[in-house]
Amino acid sequence: KFKKSIDLNSKSAFPHIAWGNALASEGNDLAHKGDAVAAKKKYDESIEQYKKAKEINPKSPNPDNNWGNTLRYMDKYQEAIAKYQQAISLDPTFAPAYSNWGNALASQGNDYANKGDAPAAKKQYDEAIPQYQRANAIDPRLANLKWWGRVLFFEGRYDEAIEKYKRAIKIEPNNTDACKGWDNALLAQGKRKAAEEKFCQSPLSSQNPSVHHHRHPSTPVRN
């Protein structure tokens, strides 16, 4: 279908971006199944589509933003951030790139936390928050509030995290990740009864959320 779309209009960058997104998503699924070789192949194919999109429309921030997402899937955080910065240089009001920049920093912070390097993790979290703030100032719907909440949670700022989770649920009522994050923040504060009275319950309720630092794949903001 993507090939057909390109045949019909070879001057449009959109089908290349959409094709790249589909390949990146497929690569992410393969990575979760433990097939790193197949995942890398899909990621490389994804990047080739973004390159073609950039050739067609070099002034659009979209290819760089989505290229950055693929690099983040590959755990190439600094390269991903460079792509988000490139997208912002093309359009300083492009909110998804700020939000994804924050996600890359947060993911890197989680990796540091898993390695026991708390100072490095905190530095990444502290740098992530201004990026979410910038995205929020441009378009609150694209600030990736659940990840902003997660960063605040990892920093022990539970009330602030809950506020972000509440806002995420207000924008997207079926956002189960935000709801579970809210539960975890309440549990971390020792408010088990309040957590139990909420309409969703986190599977982490039997664990200690304050030390739950393993990295989850974030939902990238595409545009």
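## A first look at an all-helix chain

The protein chain exposes about 11300 Å², and carbon and sulfur atoms supply 52% of that area. Keep in mind that this is a predicted model. Its secondary structure comes to 11 helices and 0 strands, so reading along the sequence you simply get α-α-α-α-α-α-α-α-α-α-α. Here's a quick tour, grouped by topic.

**The chain overall**

- Of the 223 residues in the protein chain, 51% are buried.
- Take the contacts between residues at least 6 apart in sequence: 54% of them join residues at least 24 apart.

**Helix H5**

- H5 covers residues 77–90, which makes 14 residues. From first C-alpha to last it reaches 20 Å, close to the 20 Å expected at 1.5 Å a residue.
- Which residues of H5 are buried? They are Tyr77, Ala80, Ile81, Tyr84, Ala87 and Ile88.
- Look down the axis of H5 and these buried residues fall within an arc of 115 degrees, so they line one face of the helix.
- There's a general rule behind this kind of pattern: an α-helix has 3.6 residues a turn, so residues three or four places apart point the same way.
- The buried residues of H5 pack against helix H4 (62–73) and helix H6 (95–114).
- Turned away from that buried side is a face carrying the exposed residues Gln78 and Ser89.

**Helix H10 and what follows**

- H10 has 13 residues, which should span 18 Å at 1.5 Å a residue; its end C-alpha atoms are 18 Å apart, so the two agree.
- The buried residues here are Ala178, Cys179, Gly181, Trp182, Asp183, Asn184, Ala185, Leu186 and Leu187.
- What do the buried residues of H10 pack against? Their partners are H8, helix H9 (158–171) and H11.
- After H10 comes Gly190, with a positive phi near 80 degrees.
- Lys191 sits in the loop between helix H10 (176–188) and helix H11 (192–197).
- Is Lys191 buried or partly exposed? Its relative accessibility is 40%, so it counts as partly exposed.
- Setting aside neighbours within four places in sequence, Lys191 is in contact with Asp159 and Leu186. Leu186 is also one of the buried residues of H10.

**Aromatic rings**

- The whole structure holds 6 aromatic pairs.
- In one of these, the rings of Phe2 and Trp19 have centres 6.1 Å apart and planes at 20 degrees, so the pair is stacked.
- Phe2 lies in helix H1 (residues 2–8) and Trp19 in helix H2 (residues 14–32), so this pair ties together parts that are 17 residues apart in sequence.
- Phe2 has a relative accessible area of 30%, so Phe2 is partly exposed.
- Tyr132 and Trp148 have ring centres 6.0 Å apart and planes at 20 degrees, so they count as stacked too.
- With Tyr132 in helix H7 (residues 118–138) and Trp148 in helix H8 (residues 145–154), the pair ties together parts that are 16 residues apart in sequence.
- Both Tyr132 and Trp148 are buried.
- Ring pairs also link Tyr125, Phe153, Phe154 and Tyr158 into a cluster.

**Charges over rings**

- Where does the charged end of Lys83 sit? You'll find it over the ring of Trp67, 3.6 Å from the ring's centre.
- Trp148 turns up again here: Lys164 lies over its face, at 4.3 Å from the ring centre.

Methods:
Residues are numbered from 1 along each chain as its sequence is written. This is a predicted model: local features need pLDDT of at least 70, side-chain atom pairs count only at pLDDT 80 or more; totals for chains, interfaces and linings use all residues. Side-chain values use heavy atoms; hydrogens and water are left out. Helices (H or I, at least four residues) and strands (E, at least two) are DSSP runs, numbered from the N terminus. The expected span of a helix is 1.5 Å times one less than its number of residues. Buried means under 20% relative accessible area, exposed over 50%, partly exposed in between (1.4 Å probe, protein chains only). The arc is that of the directions from the helix axis to the C-beta atoms. Contact means heavy atoms within 4.5 Å. Accessible areas come from the Shrake-Rupley method with a 1.4 Å probe; for residues, only the protein chains shown count as cover. Rings of Phe, Tyr and Trp (its six-membered ring) pair if their centres lie within 6.5 Å; planes under 30 degrees apart count as stacked, over 60 as edge-to-face and the rest as tilted. A charge sits over a ring if NZ of Lys or CZ of Arg is within 6 Å of the ring centre and within 35 degrees of the ring normal.
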